[in-house]
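Morning, everyone. I'll take the metal site and then the empty spaces. Please have a look at the model on the screen.

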Amino acid sequence: MSAEDIQTKLDDKAPKKADPKAVSVDVATIQMLTKAQADGCETIFDRAVTMKPCNIGEQGTCCKMCAQGPCRLPLPKKGVEGMDTRRGLCGATPETIAARNFARMVAAGSAAHSDHSKGVAKVFLAAARKEAPDYQIKDTEKLLEIAPHFGVPTTVVKDGVETQRDIYEIAVEVGETALAQWGQQEGEILYAKRAPEARYELWKKLGVVPKGIDCEIVNIMHRTHMGCDQDYKNIIKQCSRAALADGWAGSMMGTDLQDVLFGTPYPIQGEINLGVLKPDHVNVLVHGHEPLLSEMIVIACQDPEMIEYAKSKGAKGLVLAGLCCTANEILVRHGMPVAGNYLQQELAIVTGCVDAVIVDVQCIMENIANVAQCYHTKIITTDPRAMIESGDVMHIEFDEHHALADAKRIVKTAIDNYPNRKSEPMVPKAKEKMVVGFSAEAISYHLGGSFRGSYVPLNDNIINGRIRGIAGVVGCNNARSVHDSVSLTLIKELLKNDIIVLTTGCSAMACGKAGLLSPESAKVFCGPGLAEVCETVGIPPVLHMGACVDNSRILVAATEVVKAGGLGKDLSDLPAAGCAPEWMSEKAIAIGHYFVASGVYTIFGGSLPVTGAPRFMKHLFEELEDIYGGKWDLVVDPYEMARRIIAHIDKKRKALGLDKARERVLMDMADRQKLEAA
Ligand code: CUV
């Protein structure tokens, strides 16, 4: 065999690489993926080319709940004709198997959000008791607003005069009551009553008001054990309890307590994309989810001593930026720059100028440890629940009792790594300005258009048809779909049709990068009605509401819309829908299900592991609507997603007697190209 033949053989065996231009619509991503490949550094994009997903798992019909399997029940090529005779060894039907798998995703997703929030509640209580000196009760207005939901009085009558109680006293009681919600075994979660009355009554009638948080998650783990719940409808009912415990308790309390500790977000400017990194500065990235650590890192990085220390190492200064939902947390509260969303975490390191990535929990790809080894980046884990064995990862445990000292130690380690850079950094130019921080309170304040905030003007604009409806477009990136593309295509379609978009998570970041989070984008992307409203009020047509736990803000905002009147009595009456176009994490499934159980029509993109079980799928996609007024759907094409959302919104408008809505704007190819170019 000649040397040439050998080389050809080796080339054949060489791993196939992704085509950068085919996998993302984000220029910075395309640029850095090209660099990664030139540097010989493998990323998720390349692996997505070489490794195909398992079709049985994708259909949701692989059961590995016991050691007699795994039992694999793929759909026959021709589909199921007549009786579906597929069974696991124990006799489990595809429905039982898919429902169990789905339920465990709900459990894991709810656990992730709720465990994050439980940690927040613990620190909140420590702060209230003045046992965690680096944390304070910052947003007292929000504390006073939430205290009644916990049954905590905010005033006391002294000498016949009603006076406000001591803030820290209130906070201790709120903290104790909140923390008890996780372990509660009987009764109802307190925040269930924050939902519109009709919704709460429906949950009661259906018997799905969660008793507590942890117990509903444990219940799923039990009932999905081998030989336990074998009725997919009954399993889904438990999914509702656990998911509602996530959305209306775990996540919602997490958001609220974080707001009290760190401030409720109000509109603030920020910048996004890899262009926020500076080659001649120390660049520190925070990545993960919990603001407990990142808030302290923000303070540490602004410390003049720390900046001087960075300069002493030869850097011009210190840049702190974020990845994933941690980025959203420090963005919406402090306007800190965002380096990128989920699929950009490896690529940030590929710039060669990231001196450390500080991670806590969730959405951290193990491969960042390997990518870091191609460059000089230090990966620092900080949470005992999320350590990394691969590569050369450091662990500096973060303890909230001496939070700031830990944060400084971590940042110092990053600075010490600056002189170790291996190669000339290459930072993409791409970055965009954006306005973010639309908490439910901020929306009320901004749209209220008066001294006192109100949702009435928003409702008025929905009723008069300027705004056709509301869509929540949230969720992740997914290496199985074109990065940012599905979300952006869908959102642009919705805007064109006068649908205002509420967003969180990595989807929000996609919008930021594409310029959709600037007020100026309204006249470029929106239909005339929505453009007029946005221009009058001075808001972007896509409102960035925060991280994934902040999807609870969407529930609160939607409830406020119901309360403001004129659009029905329940969340399911609203001309509104939800979508996670590029979802990938189990948290997304938990979120999806709490939206459905709250009465929202919810579309997921890509794939959903239910398609191998036709009766179970019908239950999720059709029958749930009769029960909850909301249902699941799976749509791959973003134009079709938009079509279904618009149809749903029009259906709801008609039911409300608001059916003078204009026809959907149908775009031809030229229109689309114009939009794409804009
Ligand atoms: Ni929590 S869950 S990839 S960071 S939104 Fe982004 Fe958001 Fe999904 Fe993860």
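A quick definition to start: donors are N, O and S atoms within 2.8 Å of the metal, or 3.2 Å for Na, K and Ca, and water is not among the atoms, so sites may look incomplete. Two notes on the source. This is a predicted model, where local features need pLDDT of at least 70, side-chain atom pairs count only at pLDDT 80 or more, and totals for chains, interfaces and linings use all residues. Residues are numbered from 1 along each chain as its sequence is written, and side-chain values use heavy atoms, with hydrogens and water left out.

Now the metal. Which protein donors does the nickel atom of the ligand have? They are His 289 through NE2, Cys 325 through SG and Cys 548 through SG, at 2.3 to 2.6 Å. Their sequence spacing reads H-x35-C-x222-C. His 289 sits in the loop between β6 (282–287) and α12 (291–302), and Cys 548 in the loop between β15 (542–544) and α24, so the pair ties together parts that are 259 residues apart in sequence. Helices here are DSSP runs of H or I with at least four residues, strands are runs of E with at least two, and both are numbered from the N terminus. Are His 289 and Cys 548 buried or exposed? Both are buried, meaning under 20% relative accessible area, with exposed over 50% and partly exposed in between (1.4 Å probe, protein chains only).

Next, the cavities. We work on a 1 Å grid over the protein atoms alone: a cavity is a set of points where a 1.4 Å probe fits but cannot get out, a pocket is an open set with protein on both sides within 12 Å along at least five of seven lines, and lining residues have an atom within 4 Å of a point. Points are joined across faces, edges and corners, and a volume is the space filled by probe spheres set on them.

The whole structure holds five cavities of 30 Å³ or more. The second largest has about 140 Å³. Cys 548 turns up again here: among the 21 lining residues, those closest to the centre are Gly 475, Cys 476, Cys 548, Ser 585 and Lys 587. α25 provides the largest share of that lining, four residues. Domain 2 (274–420) and domain 3 (433–677) each contribute at least three; the bounds come from an automatic or database domain assignment.

The largest cavity is about 270 Å³. Its 26 lining residues include Ile 470, Leu 502, Ile 554, Ala 558 and Ala 576, which lie nearest the centre. α24 gives the most, five residues. How does that lining split by class? It has 20 nonpolar, six polar and no charged residues. For the classes, Ala, Val, Leu, Ile, Met, Phe, Trp, Tyr, Cys and Pro are nonpolar, Asp, Glu, Lys and Arg are charged, and the others, Gly among them, are polar.

Last, the pockets. The second largest pocket has about 620 Å³. Glu 145, Ala 440, Glu 441, Val 556 and Glu 560 are closest to its centre, out of 26 lining residues. α24 again gives the most, six residues. The classes here are eight nonpolar, seven polar and eleven charged.

The largest pocket encloses about 1,100 Å³. It has 35 lining residues, with Met 105, Trp 583, Met 584, Ser 607 and Pro 609 nearest the centre. α6 supplies the largest share, six residues. The split is 18 nonpolar, eleven polar and six charged.
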